[in-house]
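Okay, thanks for squeezing me in this morning. Let me put the structure up on the screen, and then I'll walk you through it.

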Amino acid sequence: MPPLLEVRGLTKSFPGVLANDHIDLEIEEGEIHGLLGENGAGKSVLMSTIYSLYRPDEGRIFLRGREVHMVSPASAIRCGVGMVHQHLTVVPHLRVWENIVLGEEPRRGVFLARREAFRRIEALCRETGLQLDLHAWTGELPIGLQQRVEILKMLYRGASLLIFDEPTTVLTPQEVDQLIAYLLRLKEGGKTIIFISHKLREVFALCDRVTVLRRGRKVGTIVIADASEEKLAEMMVGRKVFSPKRGEEKPKETVVLAVEHVSTLPERGKALHGLNFVVHNGEIVGVAGVEGNGQTELAEVLVGLRKVRQGKISLRGEDITFASPKERIKKGLAHIPEDRHRRGTVLDFTVTENLLLGFEDEPPIRRGRWTIDLPLLRRFALSRVGEFEIATPGVDVPVRILSGGNQQKVVLARELSRPVSLLVACQPTRGLDVAATEYVHRKLLDLRKEGKGVILISADLDEIRALSDRVLVLYEGRIIGELAPQSDEYQFGLLMGGKSLVAQG
Amino acid sequence: MSLRDSWRKCLSFPFLSEIVAILIAFLLGSLVLLFTGYPPGQALRALFRGAFGSRNAFGQTLTQATPILFTALSFLVSFRAGIFNIGVEGQFLMGALVAALAGTSIKVLPFPVHLLCALLAGGGGGALWALFPAWLKARFGAHEVITTMMMSYIASYFTSYLVNYPCKAPGWVAQTHPVERSALLPKILPPTQLSFTFVVALAFAFFVFYFLFRTYLGFQIRAVGLNPEAASNRGIPIASHQILAFLLSGFVAGIGGAGEVLGVHGKFVDGFSPGYGWDGIAVSLVGRLHPFGCVFASLLFGLLRAGGMTMTRVTKVPLDLSLIIQALVIVFIAAPRFIRLVFLRRKE
């Protein structure tokens with residue numbers, strides 16, 4: 001029997017980039033097939049080409065042994081191929097059922113056959129076990145449920161091959177588990193699934209076979225039973241990858257940061273309520289929580305971008321509650337902002353200028369009263385680029401053209417240019433690939449080893465648990481509990497969901 | 001090297017897009033002439049002869065370029081800080097008026113001192129006119145596009161009122177008394193109007209360049225303009241830097257107005273500005289928002305103005321031809337840039 005989907009020699013290039021280089025792929029009917037690779041490896045391009053968002057330069061696509069020429073997503077959908085994008089495409093101001101039938105509404109004359117629509121959706125829900133309140137406003141649902149709407153949308157259109165493009169990046173651990181359960185159930189129901197990810201754990205929980213891409217080429221396809229995490233990571237990166245390991249040394253007794261009863265007002269975001277914690281020298285304190293529970297606000301309070309209403313913050317014993325961002329920077333507070341495009345870098349500035357940001361008005365870079373010492377600045381930039389292994393065509397190109405990993409390295413290089421006593425790292429590896437993530441983790445652990453304090457705010461629980469000495473869980477602007485990193489995931493999940501009673505012990 | 005690569009290399013020639021756009025603008029301008037029954041060859045010849053056919057013509061071109069260079073630099077300074085100072089015209093006029101008042105009313109100072117005072121007074125007048133919208137923005141978040149434009153009209157009617165009534169010199173023309181000789185910028189190339197104002201403008205182009213690209217304050221201002229969030233994250237205060245850039249912008253515009261009064265006309269004549277401030281915005285964009293680019297762009301616009309006037313005199317082709325070419329240059333170069341800068345950046 002021919003495979004459900006067969007791709008032969010698929011090639012797709014963009015100006016200056018060969019995104020897919022003669023890729024062969026076979027997807028068997030009824031399997032869950034993982035597609036792994038670093039950022040820029042060509043996963044999304046490959047899937048978008050199959051889904052006909054792009055037209056291939058070369059190569060052929062067969063469905064059930066018959067060659068197909070799909071010209072648009074509409075024709076892909078007619079062929080039974082559906083795709084759930086990383087960024088959801090539901091209409092927030094429509095009700096759930098309206099979103100599901102949108103574009104494929106059952107009609108009676110010129111009217112919408114409401115009852116017919118409901119009958120069909122409800123049948124679908126029963127079949128697949130996806131439960132949803134069909135009358136809810138879609139935009140008011142949590143992301144996990146909105147994603148469910150998206151899945152139902154595809155099933156409603158009769159898709160038998162479902163493509164998921166990094167579906168778990170926006171979900172909480174609980175939601176990820178639920179999604180995995182649904183996907184397995186869909187597979188039992190005879191659907192075929194392609195699952196794009198770079199999180200190995202999910203791939204192991206879900207997939208039957210995995211295909212790994214690297215720099216636009218296929219590295220290989222293996223059966224998951226024959227694979228190990230190390231092996232897959234190595235296939236993705238092209239060399240051995242070291243998973244982050246905390247050193248043996250214990251955090252010191254000295255307190256580098258003390259936050260005492262800090263509260264803020266809820267302007268432009270969540271209010272924080274009575275935060276109370278310390279960070280010791282040589283310690284990484286993780287801050288876990290579902291996004292939007294005050295993580296951004298906590299970081300802003302620490303670096304001085306948000307006013308404190310009550311309480312006290314001190315850095316190495318010095319009160320910095322009302323210090324300006326600049327004063328805090330000078331006192332050794334470094335910050336990796338969560339959004340490196342909006343806050344971390346000036347995209348249209350060159351690498352040099354981005355490295356300079358925050359040092360421009362201090363000697364020795366400032367020479368005399370006003371002027372910037374350009375030769376010195378250039379030497380400074382070149383040495384930073386070398387030391388932090390920033391891959392860039394030069395120091396005078398805009399940061400915009402660098403990859404996400406290298407942009408983050410620019411941020412790191414700048415923030416660590418000054419003696420640091422505390423680093424506030426917010427989502428430091430978001431959107432980075434395995435190699436860049438490894439680099440950032442290594443830097444954080446280096447800081448810990450050097451006896452600096454680190455606050456690691458991240459939505460990636462695996463990252464937090466691997467790196468942190470202690471983990472605080474934020475919920476609705478409060479620290480709802482503290483856990484040891486080795487506590488089991490279920491406890492984390494409960495705390496992150498706001499159920500403090502069970503896990504408080 | 002493949003054909004594609006060599007083509008791409010050719011396209012990366014600096015300022016190619018500008019040059020092509022200007023050529024197309026001239027071509028379309030000629031077509032318009034053809035359709036309206038004027039001989040384009042003759043008209044263009046007259047235009048170029050009027051722009052640099054002789055020493056005097058060239059002097060005229062530089063004279064016309066001078067105020068536009070000032071206003072372009074003024075817009076540029078504010079823009080680099082993320083401020084759309086659309087009201088350069090108003091600051092230019094106020095600078096001109098204050099300089100004229102300082103030039104006529106102060107009688108005791110000797111030559112260079114009086115001149116310097118009058119120039120600085122003009123700059124101060126422009127800066128003061130920018131201060132109010134800057135304050136409105138900082139205090140209430142009033143958008144400067146609206147406020148500066150309204151301030152511009154106020155300036156226009158206010159100066160007009162002053163020279164028509166309280167400050168009017170005797171005679172038929174609505175103008176102030178002539179400025180004292182001790183406050184005049186000397187002419188460079190008599191009998192043309194070209195004066196040292198042009199040199200001052202070039203000096204300001206260099207000053208703006210040095211300020212923005214060589215000093216730490218300029219660096220901070222550019223950071224604020226490109227990404228205020230990242231700038232404040234690194235400890236750069238946004239509001240105060242934007243106000244500073246606003247004032248500097250008004251100052252440069254005011255000096256430009258003062259230069260016209262003290263260098264070219266010797267007094268404030270009602271309606272002497274055909275909209276230099278508005279032109280400056282377009283010139284600034286054509287000059288890629290870089291001070292040196294603005295020098296070349298203002299020369300182009302000066303050429304069109306000076307040449308256009310001669311052309312009208314010699315050939316009966318209306319001045320509108322140079323206006324059409326100017327407009328086309330703006331449509332081809334400045335407008336797309338403006339749209340990209342204003343709208344696409346917001347979307348990111």
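So, start with helix H3 of chain B, residues 40–52, and how it sits against H4(B): their axes come within 4 Å and cross at roughly 85°. That makes H3(B) roughly perpendicular to H4(B). On the H3(B) side you've got Arg49(B), Gly50(B), Ala51(B) and Phe52(B), and they meet Ala57(B), Phe58(B) and Thr61(B) in H4(B). If you sort that contact by class, you get 4 nonpolar, 2 polar and 1 charged residues. Oh, and I should say it now: what you're looking at is a predicted model.

Stay on H4(B), residues 55–80, and look at its other partner here, H11(B), residues 238–265. How do those two axes cross? They come within 7 Å, at roughly 170°. That makes H4(B) roughly antiparallel to H11(B). There's a long list of residues in this contact, so I'll just pick some out: from H4(B) they include Thr66(B), Pro67(B), Phe70(B) and Val77(B), and from H11(B) they include Phe246(B), Val252(B), Gly256(B) and Glu260(B). By class, the H4(B) and H11(B) contact comes to 11 nonpolar, 8 polar and 2 charged residues.

Let me stop at Glu260(B), which is found in helix H11 of chain B. Is Glu260(B) buried or exposed? It has 31 C-beta neighbours inside 10 Å, so it counts as buried. Where do those contacts come from? Setting aside neighbours within four places in sequence, Glu260(B) is in contact with Pro67(B), Ala96(B), His265(B) and Phe272(B). And compare sequence with space for a second: Glu260(B) and Thr66(B) are 194 residues apart along the chain, but 8.4 Å apart C-alpha to C-alpha.

Now a glycine. Gly280(B) is in helix H12 of chain B, residues 276–286. Gly280(B) is buried too, because 32 other C-beta atoms sit within 10 Å. Which residues does Gly280(B) touch, once you drop those up to four places away in sequence? Ile68(B), Thr71(B), Ala72(B), Ser74(B), Phe75(B) and Val88(B). Take Ile68(B) from that list: it's 212 residues from Gly280(B) along the chain, and the two C-alpha atoms are separated by 5.2 Å.

Okay, zoom out to the whole of chain B. The secondary structure comes to 14 helices and 0 strands. The radius of gyration is 21 Å, close to the 20 Å the globule rule gives for 348 residues, so chain B is as compact as a globular protein of that length. Along its principal axes, the C-alpha trace of chain B spans about 70 × 60 × 30 Å. Buried residues make up 50% of the 348 residues in chain B. And for chain B contacts between residues at least 6 apart in sequence, 77% join residues at least 24 apart.

On to chain A. Here there are 18 helices and 24 strands. With 505 residues, a compact globule would have a radius of gyration near 23 Å, and chain A has 25 Å, which agrees. The C-alpha atoms of chain A fill a box of roughly 75 × 50 × 50 Å along the principal axes. Buried residues make up 44% of chain A. Of the chain A contacts between residues at least 6 apart in sequence, 67% join residues at least 24 apart.

Two helices in chain A are worth pointing at. Helix H9(A), residues 295–303, is mostly covered, with 9 of its 9 residues buried. Among them are Glu297(A), Glu300(A) and Leu302(A). Just after H9(A), Gly304(A) takes a positive phi of about 95°.

Then there's H17(A), residues 489–496, where Phe492(A), Leu495(A) and Met496(A) are buried. Looking down the axis of H17(A), its buried residues fall within an arc of 95°, so they line one face of the helix. Just after H17(A), Gly498(A) also has a positive phi of about 95°.

Last stop, where the two chains meet. How many residues does each chain put in? Chain A gives 23 and chain B gives 15. On the chain A side, helix H10 (325–330), helix H11 (340–344) and strand E20 (371–372) each supply at least two residues. By class, that side of chain A has 10 nonpolar, 6 polar and 7 charged residues.

Conventions: Residues are numbered from 1 along each chain as its sequence is written. Chains are lettered from A and ligands numbered from 1 in the order in which they are written. This is a predicted model: local features need pLDDT of at least 70, side-chain atom pairs count only at pLDDT 80 or more; totals for chains, interfaces and linings use all residues. The radius of gyration is taken over C-alpha atoms; the globule rule is 2.2 Å times the number of residues to the power 0.38. A residue is buried if 20 or more other C-beta atoms lie within 10 Å of its own, exposed if 12 or fewer, and partly exposed in between; C-beta atoms are placed from the backbone. Two residues are in contact if their C-beta atoms, placed from the backbone, lie within 7 Å. The arc is that of the directions from the helix axis to the C-beta atoms. Axes are lines fitted to C-alpha atoms, for helices over the stretch in contact, and angles run from 0 to 180 degrees between N-to-C directions. Angles under 35 degrees count as roughly parallel, over 145 as roughly antiparallel, 65 to 115 as roughly perpendicular and the rest as oblique. Ala, Val, Leu, Ile, Met, Phe, Trp, Tyr, Cys and Pro count as nonpolar, Asp, Glu, Lys and Arg as charged, and the others, Gly among them, as polar.
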